[in-house]
Amino acid sequence: MKGKPMRRTERKVAGAAVLQADVTAAITRALFRELAKTGYAALSIEAVAKRAGVGKAAIYRRWPSKLEMVSELLAEVGIDLIDIPDTGSLRGDVAALLEQTRALLRRPLITRILPDMHAEMRRTPALSSAVRTGIQQGRRARAQELLRRAMDRGELSPDLDVELALDLLGAPLYWRVIVTGQATPPDYLERLTAMTLGGLRALSEQAAARKR
């Protein structure tokens, strides 16, 4: 999976040297390719190690289990993949965010990994908790920056229902690309941007009305 360079700080293991960053990077690449190939349930430490060209011990020095390896790397890569844009206007920010999100969701590895991960979350509570805490909460916190900037500019009410607004920012595009697999031509993003802006402004007006 391609994205920004990993910002992972290599941690020391008791009695051992600092873990090698190039080995961690190889394991990370191998993990995502194995996830795309087999899914989480069938994923094995042995397969990841073999694809990365390392021994299993190299993985266990970094993570004590498959769950912790997947959770940590998904969180680190997932949060880094999208920058929250600052274009100076709510319309520009929403349009840029949707364009970046579409590009991310159309990546081959992403389209194969995400549906499996969401299905597995229902079967594996520990994975569900890790993904929600490490990925979803982190990304929603960053997306909230977009809303806060709009509030500071006076484009949205400071009493906006932020949680509902965050759902509106991401859910429709995710549903179309990942769940239904439909195309997203430029005119679709333009219409989706307009719809999203309309929804955000309606939420903002409702919040302002409640304050009066």
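**Exercise 1. The order of elements**

In what order do the elements of the chain run from the N terminus on?

*Solution.* Note beforehand that this is a predicted model.
- Step 1. Count the elements: the chain holds 9 helices and 0 strands.
- Step 2. Read along from the N terminus: the order is α-α-α-α-α-α-α-α-α.
- Step 3. Turn to burial. Of the chain's 212 residues, 42% count as buried.
- Step 4. Turn to contacts with a separation of 6 or more. Residues 24 or more positions apart account for 66% of them.

**Exercise 2. The annotated region**

Find the residues that UniProt lists as "DNA-binding region", and describe that span.

*Solution.*
- Step 1. Look up the record. The unreviewed UniProt entry gives residues 44-63.
- Step 2. Assign the secondary structure. The span is 65% helix and 0% strand.
- Step 3. Take the two ends. Their C-alpha atoms lie 13 Å apart.

**Exercise 3. The largest nonpolar core**

Work out which residues touch the most other members of the largest nonpolar core, and which elements supply it.

*Solution.*
- Step 1. Start with the members. This core has 30 residues, and Leu35, Met69, Val70 and Met117 touch the most other members.
- Step 2. List the elements that give two or more residues. They are helices H1 (21-38), H2 (45-52), H3 (56-60), H4 (66-80), H6 (108-123) and H7 (125-152).
- Step 3. Pick the top contributor. H1 gives the most, with 8 residues.
- Step 4. Check the domains. At least three residues come from each of domain 1 (15-65) and domain 2 (80-211).
- Step 5. Zoom in on Leu35. Beyond its neighbours within four places in sequence, Leu35 contacts Tyr40, Leu43, Val70, Ile113 and Met117.
- Step 6. Look for another core. One of 28 residues lies apart from the largest, and its members include Ala143, Val162, Ile178 and Leu192.

**Exercise 4. Ile27 in helix H1**

Is Ile27 buried or exposed? Trace its contacts too.

*Solution.*
- Step 1. Place the residue. Ile27 belongs to helix H1.
- Step 2. Apply the cut-off. Buried means under 20% relative accessible area. Ile27 has 0% relative accessibility, so Ile27 counts as buried.
- Step 3. List its contacts, leaving aside neighbours within four places in sequence. Ile27 meets Val48, Ala52, Val54, Ala58, Ile59, Arg62, Trp63 and Met69.
- Step 4. Compare sequence and space. Ile27 and Arg51 are 24 residues apart in sequence, and their C-alpha atoms are 8.0 Å apart.

**Exercise 5. Asp93 in helix H5**

Which residues does Asp93 touch, not counting those up to four places away in sequence?

*Solution.*
- Step 1. Place the residue. Asp93 is in helix H5, residues 90-105.
- Step 2. Read its accessibility. Asp93 has a relative accessible area of 0%, so Asp93 is buried.
- Step 3. Name the partners. Asp93 touches Pro85, Asp86, Thr87, Gly88, Leu146, Arg149 and Arg153.

**Exercise 6. Two leucines, two helices**

Describe the surroundings of Leu166 and Leu197.

*Solution.*
- Step 1. Place both. Leu166 is in helix H8 (residues 162-180), and Leu197 is in helix H9 (residues 186-211).
- Step 2. Judge their exposure. Leu166 is buried, with a relative accessible area of 7%. Leu197 is buried as well, at 1% relative accessibility.
- Step 3. Find the contacts of Leu166 beyond four places in sequence. They are Arg140, Ala143, Gln144 and Leu147.
- Step 4. Do likewise for Leu197. Its contacts are Leu90, Arg91 and Val94.
- Step 5. Add C-alpha separations. Leu166 and Leu146 are 20 residues apart along the chain, with 9.7 Å between their C-alpha atoms. Leu197 and Ala95 are 102 residues apart along the chain, with 9.4 Å between theirs.

**Exercise 7. Rings and charges**

How many aromatic pairs does the structure hold, and where do charges sit over rings?

*Solution.*
- Step 1. Check the ring pairs. The structure has 0 aromatic pairs.
- Step 2. Take Tyr40. Lys66 lies over the face of Tyr40, 4.4 Å from the ring centre. Tyr40 is also one of the contacts of Leu35.
- Step 3. Take Tyr188. The charged end of Arg176 sits over the Tyr188 ring, at 4.1 Å from its centre.

Technical notes:
Residues numbered from 1 in each chain as written. Predicted model: local features only at pLDDT ≥ 70, side-chain atom pairs only at ≥ 80, totals over all residues. Heavy atoms only, no water. UniProt positions renumbered as here; feature names shortened; annotations may be inferred. Helix = DSSP H or I, 4+ residues; strand = E, 2+ residues; numbered from the N terminus. Core = buried A, V, L, I, M, F, W, Y, C linked by side-chain atoms within 4.5 Å. Buried < 20%, exposed > 50% of the residue type's maximum accessible area, 1.4 Å probe, protein only. Domains from an automatic or database assignment. Contact = heavy atoms within 4.5 Å. Phe/Tyr/Trp six-rings, centres within 6.5 Å; stacked < 30°, edge-to-face > 60°. Lys NZ or Arg CZ within 6 Å of the ring centre and 35° of its normal.
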